Amino acid sequence: MSSHRQRLSPPEAKKVPFLMEIFGDKRLDNYHWLRDAGRDPDVQRYLELENKYAESIMSETNGYEFALFNELKARFKEDDISVPVRVGSHYYYQRRYLSKDYVQYCRRFIPNNEAPPSVYDIMPTGPDDPPEEVIIDEEVIKYKNSLENYRITAFKVSPNNKLVAFRENCGTVCVIDSETGAPAEKPIQGCLEFEWAGDEAFLYTRRNAIAEPQVWFHKLGEEQSKDTCLYRTREDLFDLTLEASESKKFLFVKSKTRVTGFVYYFDVSRPETLRFLPPWHLGIDMFVSHRGNQFFIRRSDGEFRSDVLTCPVDNTFETTVLIPHRERVRVEEVRLFADHIAVYELEEGLPKISTYCLPPVGEPLKTLQGGRTVDIFKSELCISRIHGIRDSQFSSSILRICFYTMRMPFSAYDYDMNTGISVLKKKETILGGFDESNYVTESKRAYASDGEEIPISIVYRKNRVKLDGSDPLGVMILAVGFSWDGDCGPSSYSNSIASRLTILDRGIIFAIAHVRGGDEKGKQWHENGKLLNKRNTFTDFIACADYLIKSNYCSEDNLCIEGGSAGGMLIGAVLNMRPELFKVAVADVPSVDVLTTILFYPRKRDLEVKAQNYPNILVRTAYQELWSILIDKLVPFYGPAKFVAKLRDMKTDDNLLLLKCRSDGGHRQMPGSVGRLRQQQQDAFKYTFILKALNMIHAPGSEQSRN
């Protein structure tokens, strides 16, 4: 028997099958012993053996993997900064050093900060300008406190610019003086999210010992034990989120499940209590903003409606619809300014940003008129994804827009809503002679068995592909790009084209199948790929694979697929349904043990591993500490581990099957997502695995030039 079919044997005492019954469905689980949250030394030894096995199988390509890593690393600048964001009298930004793999949080003083912002403003960096101030250096904190895998997960400046609060990945919120870096407060423990409530207080969320979500009010200078609990829910199925209004005068607390969200508002000037914000009913999700004496509410509901309305702060029941619901249109985001409102929408999956002038504060607002459409990314419209319309000053008329496409790197523009002038503020630098004109993007449509059109986004390099079926192709579904709540945001195009160039320049075509379950084509598109309609997600993906093969983008001998989280569940399902379609499959933290992980999946058998031939498979996951599981509740490591164990028992082929389990992260830190260097190391391993399975690894110097 091939070594790829041999299962690493558990201890004898752990071989007893576990009988579980869920919704009347009885099943024997031979791998239930792996569920022990990582405390059992037998489990840890088992995972170590899987890692060692993967390393041994890939050892013969270590040199190639190292060369790929150096190639990936060479595409990035050693020293780079994020897009500077103006907050009061300073520009704030993050500085990254490629070799250090940690972040510095910095700022620079604006000498003429009294002047109104302009799209032509540039952060002063000359020798005679104010120097850079390093507020926080993650690497310094890590070594000073002997911490491993230290990260800052939130960084927020107080409204008066004097203090900075930041949340560490252990759940601690620290407050420091922005000028000296000295602690201004004792650390607050166990925080999930936080927002400033004026200059001397903040709100934060946490879960108690039995995972019930709560909202607390903390006043600077007081012990955490004296904090006031403003809200709690007895239902651990609810999540709490915090968001500050653009005006900084209100905070909004949203308590939500996957189908319903209701909002409470907190007046910073009257920090006594939270107030409920109607209108609300079962099935509605709400996002709230504030300007003057009005709240602006973006809603979506279970009937697939998406609209924007407004109501007076002192009479929240008196609502006026500003943007009515339209079929196949989803309002993604609303950004308020003193004199404008910006609306980001998806219409049939295509992004659109419109800006409108608002009447002076205090005057009635019954409708939005005279909108201006932003056309920055018009030429790449069918394949663009907008990263956000945030990081803008409420008092200005400058809108910050960040986006990227299948062939264009991350770009940030400042857009003047009065004049329509846009100015590029930053474009990601990709070294090594990158020229986006060398790459072709296409938007195609496959047809599902019920006649539904499934969009496919495609990118490849000119003169490197034949389009005769012989080209290898990777079809990808990413975790955030295809998630449980339908979010199909910018991450569906990855966070940088730089990594993808490694495969594009080797003649591999890259495609994304926008299957039902995402929200590219509106709320209905998401609903038609969940719960009892979940099978549509799988069959849509197979329809896309069949289309790409029939259209000569690839063949069954060179089609590779990748997915993560809910997308990883898709990978598991299509491997069981049509394994002969694929040559290679990569699953990152795949949700392949859904019955015992989240307990609401309908009784379908698509996820059950069968005795049959499978393609080459790489499964990557991450060990979660107990505290991480309490705040995440998504895909524990044992799901992917059980999936691989059963595959080893059942598969009848000699293809590769590897499990890589990291010990320094959880679901939200998917393999390779912590630090740029580690990201590139993980990408190099993944690409080496794919190229090895495709028999595309050649001796050094024998590959075609990639420039």
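**A tour of the strands**

Begin by selecting strands 19 to 22, where 4 strands form an open sheet in the order 19-20-21-22 with antiparallel pairing; strands here are DSSP runs (E, at least two residues) numbered from the N terminus, and two strands pair if DSSP finds at least two bridges between them. Strand 19 (285-291) and strand 22 (320-323) stand at the edges with a single partner strand each, so one side of each is left without a neighbour in the sheet. Neighbouring strands of this sheet are turned by 30° against each other on average, direction ignored, with axes taken as lines fitted to C-alpha atoms.

This is a predicted model, in which local features need pLDDT of at least 70 and side-chain atom pairs count only at pLDDT 80 or more, while totals for chains, interfaces and linings use all residues. Residues are numbered from 1 along each chain as its sequence is written, and side-chain values use heavy atoms, with hydrogens and water left out.

Next, select strand 20 (residues 294-300), which runs antiparallel to strand 19 and is joined to it by 7 bridges; within this pair, serine 289 has phenylalanine 296 as its bridge partner.

Then move to strand 5 (residues 90-97), which pairs with strand 3 (residues 79-81) in the antiparallel sense over 3 bridges, and find isoleucine 81 opposite arginine 95. Strand 4 (residues 85-87) is also antiparallel to strand 5, with 3 bridges, and 2 residues lie between the strands of their hairpin, where glycine 88 takes a positive phi near 65°.

Finally, select strand 6 (residues 103-109), which pairs with strand 5 over 7 bridges in the antiparallel sense, and where cysteine 106 is the bridge partner of tyrosine 93.

Methods: Axes fitted to C-alpha atoms, helices over the stretch in contact; angles between N-to-C directions.
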